[in-house]
Amino acid sequence: MKLIKAVRGTKDILGETGTKYAYIHRIVEELFGSYGYSLIKTPIFEETDLFKRGIGEATDVVEKEMYTFKDRGDRSLTLRPEGTASVVRAYLENKIYAKEDLSKFYYMGSMFRYERPQAGRQREFNQVGVEVLGEASPLLDAEVISMGYHLLEKLGITDLEVNINSIGGNESRTKYRQALIDYLLPAKEDLCEDCKRRLETNPLRVLDCKNETCKKYTEGAPSIIDSLSVEEKEHYETVKKYLAIYDVPFVENSRLVRGLDYYSSTVFEIVTNKLGSQGTVLGGGRYDNLLTQLGNKDIPAFGFAAGVERIMMLLGDMKQTEIDTYVIWLGEESQEYAMKTADALRKAGVKLAIDFNKKGMKSHMKKAEKLDVNYVIIIGEDEVKNKTLVVKNFKDRTQEQLTLEETIKKFKK
Ligand code: HAM
């Protein structure tokens, strides 16, 4: 019988990656919680129109990457390719704006995009993201960017570069769009097939095309910063000022435009050179028009999302479990005492493993090595009789005979 395998572009998270996923989740909860964010969990699928209207028909995501299907009731549904549109839908549908001035959400979960799988790029992948709704101040932009940087730092990821840019509001972007078309049009025939099309539908995207010829042409392109209004420039300057105050090292990148249509004003990405071509770990920005577009509400917003698989690739080796102690029991007569002892130690907070089957000392020691524990507790006939335990430091190999209470005290220390 043929073994059924996971679908191309999907991966099981287990073993060491399971530990990493849980670790990221824990740090995210802790850090975002300390900034006042609360968890939001939206459905995995939504009406297709939400993403068409939210992300934009001319984006790669909507044009060619969505998992769209008809359900049994003939509704067109789509597996979420990202989290922002769903969070905005939930915010509008639940009228959160009527209950609070400022809403701060975080999420972590699967997203789906039909892309060509490669290292750091999957068809089902996980994102951790935040969305803040109800604040237009550039101080928010700086705080959220700084929090994204802080998250990666706290996870132990180094050598990161924060890229920032401003793509202005609708008016300045329309002006810039035309300036860019005028600049690129004479070179149209030399651009890649995608960019020839983008020149008509989404010319800003030509700026972050990876094709060498397109890259060469866009090097001399006019900068979007020059098309910004006075207020937009001021906003951008304040973001930069506060990033410096928060000690976030950043570079300005006028080619940074992002791949989703809802952005305006500040956009940013945190990149690494350790992941080859899929070097963007975290990206986001302001999306002040999205709530008008989806719900006729003039509410400003800012957010970001990071790729969890990319973060996991950047984390160092990690132990599969948190087990710190291994309890060994020798002989039938010690089984019950050993199980009871393990239960009491676990209730006192000791992270331990115990075997269910009788084994010889040699194979127990092998297991302890494999678990890479700091302590081994040995229970034999004598220990059952004396109501004691042999507690062995598995690193320096010293050992002592202790009662259960003494052992608990020792571990508490
Ligand atoms: P995005 O840039 O499309 O933004 O995705 C954010 C991050 O998700 C990327 O930087 C990358 O790390 C990860 N990612 C994207 N596609 C894949 C893939 N196929 N495989 C693995 N990882 C991937 C957004 O999704 C926006 N919703 C971010 C945002 C939130 N903007 C405002 N609020």
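Helices here are DSSP runs of H or I with at least four residues, numbered from the N terminus. Keep in mind that you're working on a predicted model.

**Exercise 1. Place arginine 173, decide what its charge is paired with, and list its surroundings.**

Step 1: Start with the secondary structure. Arginine 173 sits in helix H6, which spans residues 170-184.

Step 2: Look for a partner of opposite charge. The nearest such side chain belongs to glutamate 232, 7.0 Å away. A salt bridge needs a side-chain nitrogen of Lys or Arg within 4 Å of a carboxyl oxygen of Asp or Glu. So arginine 173 is buried but has no salt bridge.

Step 3: Try the backbone instead. A polar atom of the arginine 173 side chain lies 2.7 Å from the backbone oxygen of glycine 168.

Step 4: Collect the neighbours. Leaving out residues up to four places away in sequence, arginine 173 touches Ile167, Gly168, Leu204, Ile224, Tyr263, Ser264 and Asn289.

**Exercise 2. Work out how well helix H4 is covered, and by what.**

Step 1: Count the buried residues. H4 runs over residues 84-93, and nine of its ten residues are buried, so call this helix mostly covered.

Step 2: Name them. The buried set is Thr84, Ala85, Ser86, Val87, Val88, Arg89, Ala90, Tyr91 and Leu92.

Step 3: Find the cover. Among the elements packed over those residues are strand E5 (103-112), strand E6 (124-133), helix H2 (48-55), helix H10 (290-295) and E2.

**Exercise 3. Take E2 and classify phenylalanine 45: which surface patch does this residue help make?**

Step 1: Locate the residue. Phenylalanine 45 belongs to strand E2, residues 45-47.

Step 2: Check accessibility. Phenylalanine 45 counts as partly exposed because its relative accessibility is 44%.

Step 3: Add the companions. Together with Ile44 and Phe69, Phe45 makes a nonpolar surface patch of about 250 Å².

**Exercise 4. Examine phi at lysine 95 and arginine 258, then say whether each residue is buried, partly exposed or exposed.**

Step 1: Recall the usual sign. Most residues other than glycine have a negative phi.

Step 2: Read off lysine 95. Its phi is positive, near 45°. Lysine 95 follows H4, in the loop between H4 and E5.

Step 3: Read off arginine 258. Here phi is near 70°, again a positive value in a residue other than glycine. Arginine 258 is in the loop between strand E8 (250-252) and strand E9 (266-271).

Step 4: Compare accessibility. Lysine 95 has a relative accessible area of 48%, so it is partly exposed, whereas arginine 258, at 13%, is buried.

Conventions:
Residues are numbered from 1 along each chain as its sequence is written. This is a predicted model: local features need pLDDT of at least 70, side-chain atom pairs count only at pLDDT 80 or more; totals for chains, interfaces and linings use all residues. Side-chain values use heavy atoms; hydrogens and water are left out. Patches are made of residues with over 30% relative accessible area and no salt bridge: like charges are joined within 9 Å, nonpolar side chains (Val, Leu, Ile, Met, Phe, Trp, Tyr) within 5 Å. Accessible areas come from the Shrake-Rupley method with a 1.4 Å probe; for residues, only the protein chains shown count as cover. Helices (H or I, at least four residues) and strands (E, at least two) are DSSP runs, numbered from the N terminus. Buried means under 20% relative accessible area, exposed over 50%, partly exposed in between (1.4 Å probe, protein chains only). Lys and Arg count as positive and Asp and Glu as negative; His and the chain ends are not counted. A polar contact is a pair of N or O atoms within 3.5 Å; within protein, one must be able to donate a hydrogen and the other to accept it, and residues adjacent in sequence count only if both atoms are side-chain atoms. Contact means heavy atoms within 4.5 Å.
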